[in-house]
Protein chains: 2
Amino acid sequence: MRKNAKFDRDQVVDKATNLYWEKGFHATSMRNLQDVIDMRPGSIYATFGSKEGLFKEALIRYTEQSLALLQACRRDAASPIEGLKRFIKKIVIDSQTNAPNGMCMLAKTVAELGDENAELLAQAKQSLQRLEGEFEVLIADAQAIQEVADTKSAHELARHIQIQISGLRVYAKTHGPEAPLDSLIDDLFLHYPF
Amino acid sequence: MRKNAKFDRDQVVDKATNLYWEKGFHATSMRNLQDVIDMRPGSIYATFGSKEGLFKEALIRYTEQSLALLQACRRDAASPIEGLKRFIKKIVIDSQTNAPNGMCMLAKTVAELGDENAELLAQAKQSLQRLEGEFEVLIADAQAIQEVADTKSAHELARHIQIQISGLRVYAKTHGPEAPLDSLIDDLFLHYPF
DNA sequence: TACTACTTTGAACGATCGCTCAATTTTATC
DNA sequence: GATAAAATTGAGCGATCGTTCAAAGTAGTA
């Protein structure tokens with residue numbers, strides 16, 4: 001008696017995420033999205049409710065992908081800090097060329113949106129805090145194996161890492177490939193506060 | 001034989017800058033601008049050419065104001081580094097409540113725009129580099145009076161400051177007033193690489 | 001005061017925006 | 001194969017977008 005959706009929701013959200021990530025919320029039109037995800041307006045609105053609804057889902061997808069990447073980096077690396085370093089190089093350096101946009105989609109959203117899109121703004125902030133929390137877990141793991149001195153506060157170190165990532169991504173976008181990003185990231189863990 | 005413009009161009013550009021700064025390029029409509037600067041479309045287009053033309057002028061105005069603020073901070077402070085620190089506190093902490101937007105308008109623009117607005121993007125990048133250059137001058141001055149060890153590279157220290165400012169502003173927007181911004185900024189100059 | 005070069009006005013253009021919904025198509029069930 | 005519930009379509013809604021331009025207004029010169 002019922003007909004199931006024929007589109008692959010994950011694929012659709014992925015494509016929408018990449019477009020939103022590339023162009024930002026306001027510069028992405030529903031018609032852009034219709035083309036990219038190959039759905040007609042009625043289907044999109046039946047499924048996601050609104051442009052904001054789809055964007056929110058995109059933010060959540062982006063966050064899941066970022067957390068998965070962090071876990072993958074940690075798994076492939078010899079230690080927690082090596083994993084964290086690998087993650088940072090991936091998102092700061094590789095995403096300048098591979099990704100839809102060199103900037104973090106969450107930071108971009110926090111920068112772009114205001115009170116008129118309070119729910120999206122709150123989602124982006126929460127996701128950034130979630131990522132920072134994962135950094136803290138990784139750093140605590142590093143302290144447990146004496147890779148990082150446990151006299152330091154994992155919470156403060158995670159905050160420091162979060163600030164460095166945001167700063168480096170803006171810097172990379174501003175200065176292009178000439179910026180010595182690789183050594184800047186290596187230096188992160190060689191000096192204070194580490 | 002000629003009639004002079006009756007509006008005050010500086011005031012107009014100031015108001016446009018504040019609106020663009022608050023809302024970003026795409027979310028600001030010409031009708032928003034018409035209201036805020038109290039000019040009719042024909043006058044705006046005769047004077048600035050296009051929405052992009054006015055935004056470019058706003059970017060330049062914002063940059064001039066930032067440079068002026070940096071000079072004022074330096075003048076009012078006891079030393080170059082104290083002046084730089086005062087500047088950073090003003091733009092990272094005070095502008096969370098005083099300014100149209102807690103984010104740097106230039107970083108916001110670099111994050112928002114893509115190749116479709118190449119000229120504006122280039123202007124924003126250039127302005128960010130200009131500011132970084134002024135940081136370097138200030139740091140070199142500090143080295144000349146032994147406030148900073150001259151074994152360090154003023155260029156690299158300026159880059160470090162630029163990265164910290166971008167990172168801190170995103171962090172401040174994400175975490176609100178609970179973030180210990182004041183002590184984070186004090187710490188900037190107490191530890192590596194200073 | 002009349003002239004004229006310049007500025008300012010605001011209605012309105014075509015394009016596009018986010019979104020709706022009646023009509024159609026599809027498919028699981030009996 | 002008939003039925004009906006759900007999914008999909010796409011024309012098109014009203015609003016707003018950036019922009020134009022003929023007309024009206026204004027001020028410096030003669």
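This is a short talk on a two-chain model, its interface, its pocket and its cavities.

Good morning. One caution before the details: this is a predicted model. Please keep that in mind throughout.

Start with chain A. Its secondary structure comes to 9 helices and 0 strands. Read from the N terminus, the order is α-α-α-α-α-α-α-α-α. Along the principal axes, the C-alpha atoms of chain A fill a box of roughly 60 × 40 × 30 Å.

Now the interface. How many residues of chain A are in contact with chain B? The count is 32, and they touch 32 residues of chain B. The area buried between the two chains is about 2900 Å². Carbon and sulfur atoms give 63% of that area. Three residues stand out on the chain A side: Ile163(A), Thr174(A) and Tyr192(A). Together they supply 19% of the area that chain A buries against chain B. No other three residues supply more.

What about polar links? Between chain A and chain B there are 0 salt bridges. Polar contacts do cross the interface: 9 residue pairs, both partners at pLDDT 80 or more.

Which elements of chain A give two or more residues to this side? Four helices do: H6 (105–112), H7 (118–144), H8 (154–175) and H9 (181–188) of chain A. H8(A) gives the most, with 12 residues. By class, the side of chain A that touches chain B has 14 nonpolar residues, 10 polar and 8 charged.

So much for the contact surface. Next, the open space.

The largest pocket has a volume of about 790 Å³. It is lined by 31 residues. Which of them lie nearest its centre? His160(A), Tyr192(A) and Pro193(A) from one chain, His160(B) and Tyr192(B) from the other. We met Tyr192(A) a moment ago, among the three residues that supply 19% of the area chain A buries. Helices of both chains line this pocket: H8 and H9 of chain A, and H8 and H9 (181–188) of chain B, each supply at least two residues. The classes in the lining are 14 nonpolar, 9 polar and 8 charged.

Now the closed space. The structure holds 4 cavities of 30 Å³ or more. The largest has a volume of about 160 Å³. It has 14 lining residues. Closest to the centre are Ile91(B), Cys104(B), Gln162(B), Ile165(B) and Arg169(B). Four helices of chain B give two or more residues to this lining: H4 (51–76), H5 (80–92), H7 (118–144) and H8 (154–175). H8(B) gives the most, with 4 residues. The lining of this largest cavity counts 10 nonpolar, 3 polar and 1 charged residues.

Last topic: salt bridges. Over all chains, a search of the whole structure finds 24. Again, the count between chain A and chain B is 0. Here is one example from chain A. The side chains of Glu82(A) and Lys85(A) meet in a salt bridge, at 3.8 Å from N to O. Where do these two sit in the chain? Both are in helix H5 (residues 80–92) of chain A. They are 3 residues apart there, so about one helical turn separates them.

To close, two points to take away. H8(A) gives the most residues to the side of chain A that touches chain B. H8(B) gives the most to the lining of the largest cavity. Thank you.

Conventions: Residues numbered from 1 in each chain as written. Chains lettered and ligands numbered in written order. Predicted model: local features only at pLDDT ≥ 70, side-chain atom pairs only at ≥ 80, totals over all residues. Heavy atoms only, no water. Contact = heavy atoms within 4.5 Å. Buried area = accessible area lost by both parts, 1.4 Å probe. Salt bridge = Lys/Arg side-chain N within 4 Å of Asp/Glu carboxyl O. Polar contact = N/O pair within 3.5 Å; in protein donor to acceptor, adjacent residues only side chain to side chain. Nonpolar A, V, L, I, M, F, W, Y, C, P; charged D, E, K, R; others polar. 1 Å grid on protein atoms, 1.4 Å probe; cavity = no way out; pocket = protein on both sides within 12 Å on 5 of 7 lines; lining within 4 Å. Points joined across faces, edges and corners; volume = space filled by probe spheres on them.
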